[in-house]
Amino acid sequence: MPILALILLLASSAAFGQARLAYRLEIDAPKDMAEILRKGLNLARWQNDPQMTPEQLRRLIKDAEREARETAATEGYFSADVQTQIDESPPESGSAASGG
């Protein structure tokens with residue numbers, strides 16, 4: 001019996017010197033599972049919170065791993081591979097934000 005895997009990649013780009021901490025959530029998973037995670041993860045829900053702190057973001061990322069595994073299991077992905085990654089490098093200058 002094949003093992004189904006879900007990979008959740010979270011790339012966070014935060015400029016800690018700015019007044020507002022901003023991050024981008026990227027999910028690499030089958031389309032239906034990615035949509036469920038985008039709607040259900042607390043990390044996604046709090047993405048536009050103007051009072052987000054680095055500590056809160058770290059906690060949300062840690063919680064996202066557990067939430068993703070639990071959600072994946074309810075959808076039949078019992079051996080989900082959930083990974084998080086934080087990229088704190090500043091956004092590339094001169095590039096427009098893509099809608100995706």
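How many contacts beyond four places in sequence does the model have for residues 95-100, where pLDDT stays under 50? The model has 0 such contacts for residues 95-100.

**Figure 1. Confidence along the predicted model.** This is a predicted model. Its mean pLDDT is 74. Of the residues, 69% reach 70 or more. Two stretches stay under 50: residues 1-18 and residues 95-100. For residues 1-18, the model has 71 contacts beyond four places in sequence. For residues 95-100, the count is 0.

**Figure 2. The protein has 3 helices and 0 strands.** Read from the N terminus, the elements run α-α-α. Helix 1 covers residues 31-40. Helix 3 covers residues 54-74. The protein has 100 residues, and 27% of them count as buried. Take the contacts between residues at least 6 apart in sequence: 62% of these join residues at least 24 apart.

**Figure 3. Helix 1 crosses helix 3.** The two axes come within 11 Å. They cross at roughly 130 degrees. That angle lies between the 115 degree limit for roughly perpendicular and the 145 degree limit for roughly antiparallel, so helix 1 and helix 3 are oblique to each other. The crossing is right-handed. Helix 1 brings Met33, Ile36 and Leu37 to the contact. Helix 3 brings Ala68, Thr71 and Ala72. The residues of this contact divide into 5 nonpolar and 1 polar, with no charged residue.

**Figure 4. Arg38 sits in helix 1.** Is Arg38 buried, partly exposed or exposed? Its relative accessibility is 40%, so Arg38 counts as partly exposed; the partly exposed class lies between 20% and 50%. Leaving aside residues up to four places away in sequence, Arg38 touches Ile27 and Ala44. Ile27 is 11 residues from Arg38 along the chain. The C-alpha atoms of Arg38 and Ile27 are separated by 7.7 Å.

**Figure 5. Val82 lies in the segment after helix 3.** Why does Val82 count as buried? Its relative accessible area is 6%, and buried means under 20%. Arg69 is 13 residues from Val82 along the chain. The C-alpha atoms of Val82 and Arg69 are separated by 6.7 Å.

Technical notes:
Residues numbered from 1 in each chain as written. Predicted model: local features only at pLDDT ≥ 70, side-chain atom pairs only at ≥ 80, totals over all residues. Heavy atoms only, no water. pLDDT = per-residue confidence, 0-100. Contact = heavy atoms within 4.5 Å. Helix = DSSP H or I, 4+ residues; strand = E, 2+ residues; numbered from the N terminus. Buried < 20%, exposed > 50% of the residue type's maximum accessible area, 1.4 Å probe, protein only. Axes fitted to C-alpha atoms, helices over the stretch in contact; angles between N-to-C directions. Parallel < 35°, antiparallel > 145°, perpendicular 65-115°, else oblique. Left-handed = near helix turned anticlockwise from the far one by under 90°. Nonpolar A, V, L, I, M, F, W, Y, C, P; charged D, E, K, R; others polar.
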